[in-house]
Structure formats: structure tokens, C-alpha cells
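Please read the following account with the sequence and the three-dimensional view side by side, and locate each residue as it is named.

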Amino acid sequence: MTPDEFRTHGKQVVDWIADYLEGVESLPVRSQVAPGDVRRALPEHPPEQGEDFAAVMADLDRIVVPGLTHWQHPSFFAYYPANTSGPAILGDLLSSGLGVQGMLWATSPACTELETVVVDWLAELFGLPEHFRTDRAGGGVIQDSASSATLLAILAALQRTSDGAAAVGGLTGRHTLYVSTETHSSVAKSARIAGIGADNVRVVDVDPKALAMDVTVLDRMIAEDVAAGAVPVLVCATVGTTSTAAVDPVRAVGEVCRRHGVWLHVDAAYAGVAAVCPELRWLNDGVAEYVDSYATNPHKWLLTNFDCTVMWVADRAPLVGALAIHPEYLRNAATSSGAVVDFRDWQVSLGRRFRALKLWAVLRWYGAEGLRAHIRAGLAQAAELVSWVAADESFELHEPQTLGLVCFRPRWPGSPVEEADAATLRLMESLNASGDLYLTHTKVGGRVVLRMALGGTRTESRHVRAAWDAIRAAAV
Ligand code: PLP
């Protein structure tokens, strides 16, 4: 593709994206295809001769788009948002265009240094502690996902707990991790990858109402495990659980961790970015005093397209110690000088994309004010929905309701529990099949509840109202 051809097709692609985002509201939110439809519509063999880019775009419209669930649709309320924005898309495009690998400072100094600036900016915007800054003992780094951040936290914790032995001789003896019944499954997956084993992931009960980790149980479990000869490695506290956005008591969990000398990781994948609003800084309670590693996803609720998880550590030494290997082919003067950060030592893979560009573009386009306005818009929509659900006797609201996630269920008076739960799932399926909105479910206290996550870039109050009207109409 010559520069001129690139220019022509590139402009067409940008126009296509602009049209798509402008018109996404008219598409069914959830894809309507059946398994195998997309594959059957595609040729079985790759083309022998190169094709015109227009042919790719035609198939995008004809085959790919109908097979998409439109995460940027204003009536997408499922899971958590994966919201994006114009500046983020353009920043990502620039990253693709530049095509640099930021594995070492030396392989593209601006890629590393811009990243250190944006993660420091974000730490400041979220009110995170000074020691998370890259020019202190800790530092921030952009990872692909919260799942990777958890894995890295575990590797760093193993490094610290074993005084470096874990990275060299491997694990000996029983090592344990602590999560709650509400913790995201990625922690269990990371435990498997790290060689700790699923059986050594200890699941702590939660307070039945707040669904927050019970620190008395945590304290007791750690003490029992130590007495039985295990080595407790890490506790994962969640700020904004996946099911209901519950918040673990980080400060109290931290006190337990400090007493037992255990690493505290905070998974704030969904909710951490909300701390950009000063009135929500309570989300950070205990982080400055007790937290060893912390991760949040601008790719969920902060207008930055996937993948963009920002992870901070209070002390970078155990993380880098766990991962740094210096083969001859990567040796260079900057690394040897000790004056630079090489982010390959802060992540699983060697190569790394220039992700900081999209985050930088978002921060500069919106400014702190714009980011706060975005979070507050989601919160206001959630508050409106909560008021409608609470005022309707046919529905039960899950409380405490936290941030932009609203959980509720129809009461189905007179129906036994199992039938009521089945009816709630049927209701959700029929709404999702309509293509007018998309929501998901979870279980709270053994009962099926619907989850509606607000915070989409294009979601307005009228979309939330239309969704609520459709849910009510379907629930009678
Ligand atoms: N942690 C929490 C609390 C989440 O809600 C999620 C996803 O929704 C994850 C982790 C996994 O996120 P990622 O896809 O970035 O690994």
C-alpha cells in the first residue's frame, strides 16, 4: 500500500468509523447471528491474489457488522462498559501508525517516558499516593488487562515473600492467596498461571448485605494457614466487584495484611477511575497506607478503548526483580546506566504497544473536568434508574447500590424462588433478543438479579428511560 493509497483508504476508514458511531444506535445492540453464521459467510481459503481494500470494507459491512454486539451502543448496559471515545481511537490509530515497540527505553524513549507521564498524571487525578509515582520507589505502568495486573502482583508478591527464591528455584511448600466470594475469577486464573494452584486460593466470606470481604474471617484464615505451615502470599481486595460493584474495606484488609506481612493488591478494575471525582475519593481509603499494588481500567469507564489497565506499585523492586532477565541481544547503554525504566520488566510479554498515546489523547482532549463530567453523567443516570426501580412495587432493588451499576429483579409475587429466577432470566433473554437493549445478570444471595451498568460514552438519560420502560412492560 503506497502512502497515497493509505491516505485514500485511511480517510475512508475514519469516515466509516465516524458513520458507525453516529449510527450505532439504529443497530440491534446484541448480535443476532447464530453460531457459525459469520464463518460460513467467509471464504474457506485465503486469497491468492491481493484484493482491493474496498472489498475488505464491503465484507466488513456485509459479514462482520451483523456479527457484532455493539459495545458502543447507547443502550448497551451489559457487563461493565468498555467505553471508547474519538481521542482514544485516534490515539490508538497513531500508535498503530507509528508501530514502535516500547519494550526498552532505548527502543523508543518517548514511548516509555510519555507512559511514565500519563500514569503519574492519572495517579494525581485519582488522588493516589505520591509513592505510586514513577519518580519515587514505586511507579505506574499500562498493562493490557486487570487480569495481567493481578498475575504480575502475584509474581511480585512471591518475589518479596521468598526473598527472590521463587523466581530462581521455583515454589517450594504451600503458598496461599486470599480472595472473597465476590472476587473476579481472573485472580483464580492468575493463581493457576503462577503455579500456586486453585486449591490454594482461599475464599473469604463476605458481609451478606454489603458483599464486602469479612476481615475477621480473613485474619483467622491467614493465622490458621500460617499455623499449618503455609506461606500467605497476597490478599486481593476489590474496589467495585464485578457482580454488584461492592467495595472491600481496603483499610481494614490492609491492617490484617500488615500484621501478617502479606502483599495487598487492589483490583479496582471498574471503580478506580471514578476517584477522578473528589467526592468519590472514599474509594481510595487505605490505599496510601497499606496497598502494595493497585490496578484500574480506563478501558472500562474512562473513555479509553481496550486495552488499557493502569497498574501502580508502591515499590517497583519486587516486580522488576521477579521479571528482569538481561540477555545479550537486549543489552544497551541506557539500561546499563540504570537511569531509565525498561517496561519489559514490568509485564509478561517483551514487546509492548504504545498504549500511552490513547490515554494521553483522552486526558488532553477531556481534561480533568471532562473526565469528571463523564463519570458524573453515569452516576446521575444510575441514580435516576434507582429512583424508578425503588418506586415500583413490582421490583426489588439490590442495596447498597454502588456507583454506576444498578442491580434489581422483578418480584414475581406468588412464584416460588426457582420459578421467579427462571422468569427473570427469560425476561432478560427476551429483552436482549429484541436488540433494543442489552443487560446481563448475576446472583446475589442465591437469587438471580439483573445488572444494568451505566457509563457508556453515548448513553443519555432517554436511553435509560427507554430501557426501564421496556423492562417494566416485559415484567407484567
Ligand atoms: N476485575 C474486576 C473487578 C472486573 O470487573 C473485571 C472485568 O469486568 C476484571 C477484573 C477483568 O478485567 P480485564 O478484562 O481487564 O482483565
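The paragraphs below treat the ligand and its surroundings, then the salt bridges, and lastly some unusual backbone geometry.

Before going further, keep in mind that this is a predicted model, and that the values quoted here were computed from it.

A convenient place to begin is the ligand, where the shell comprises 14 residues, of which Ala146, Ser147, Thr242, Asp267 and Asn297 come nearest. Sorted by class, this shell consists of three nonpolar, nine polar and two charged residues. Two helices, H6 (146-161) and H12 (298-301), each supply at least two residues of the shell. The polar atoms of the ligand can be followed one by one: Thr242 has a side-chain N or O atom 2.9 Å from an oxygen atom of the ligand, and Asn297 places a polar side-chain atom 3.0 Å from an oxygen atom of the ligand, whereas for Asp267 the partner is a nitrogen atom of the ligand, 2.6 Å from a polar side-chain atom. On its own the ligand has 390 Å² of accessible area, and the protein covers 86% of it.

Turning from the ligand to the charged side chains, a search of the whole structure finds 30 salt bridges, and a few of them deserve a look in detail. Which parts of the chain does the pair of Asp285 and Arg251 tie together? The two side chains meet in a salt bridge with an N to O distance of 2.9 Å. Asp285 lies in the loop between strand S5 (263-267) and helix H11 (287-290), while Arg251 belongs to helix H10 (residues 250-260), so the salt bridge ties together parts that are 34 residues apart in sequence. Asp285 has a relative accessibility of 40% and therefore counts as partly exposed, and Arg251, at 29%, is likewise partly exposed.

Two further pairs can be described in a similar way. Glu130 forms a salt bridge with Arg136, in which the closest N and O atoms are 3.1 Å apart; Glu130 is partly exposed at 49% relative accessibility, and Arg136 is partly exposed at 40%. In the other pair, the side chains of Glu460 and Arg462 meet at 3.0 Å, N to O, with Glu460 partly exposed at 39% relative accessibility and Arg462 partly exposed at 46%.

Salt bridges also link several residues into a network, made up of Asp92, Asp307, Arg353, Arg355 and Lys358. Asp307, one of these residues, leads on to the backbone, since the peptide bond from Phe306 to Asp307 is cis, with omega near 5 degrees. Asp307 has its place in the loop between H12 and strand S7 (309-313), and H12 is one of the helices that supply residues to the shell around the ligand.

Another cis peptide bond joins Glu399 and Pro400, where omega is about 0 degrees. Pro400 sits in the loop between strand S8 (395-397) and strand S9 (405-410), and Leu403 is found in the loop between S8 and S9 as well. Leu403 has a positive phi of about 55 degrees although it is not a glycine, and at 9% relative accessibility it counts as buried. Trp412, in the loop between S9 and helix H16 (417-434), is also not a glycine and has a positive phi, of about 45 degrees. Is Trp412 buried or exposed? Its relative accessibility is 17%, so Trp412 counts as buried, the cut-off for that class being under 20%.

Definitions and conventions
Residues numbered from 1 in each chain as written. Predicted model: local features only at pLDDT ≥ 70, side-chain atom pairs only at ≥ 80, totals over all residues. Heavy atoms only, no water. Salt bridge = Lys/Arg side-chain N within 4 Å of Asp/Glu carboxyl O. Buried < 20%, exposed > 50% of the residue type's maximum accessible area, 1.4 Å probe, protein only. Helix = DSSP H or I, 4+ residues; strand = E, 2+ residues; numbered from the N terminus. Near = heavy atom within 4 Å. Polar contact = N/O pair within 3.5 Å; in protein donor to acceptor, adjacent residues only side chain to side chain. Areas by Shrake-Rupley, 256 points an atom, 1.4 Å probe, with all protein chains shown as cover. Nonpolar A, V, L, I, M, F, W, Y, C, P; charged D, E, K, R; others polar.
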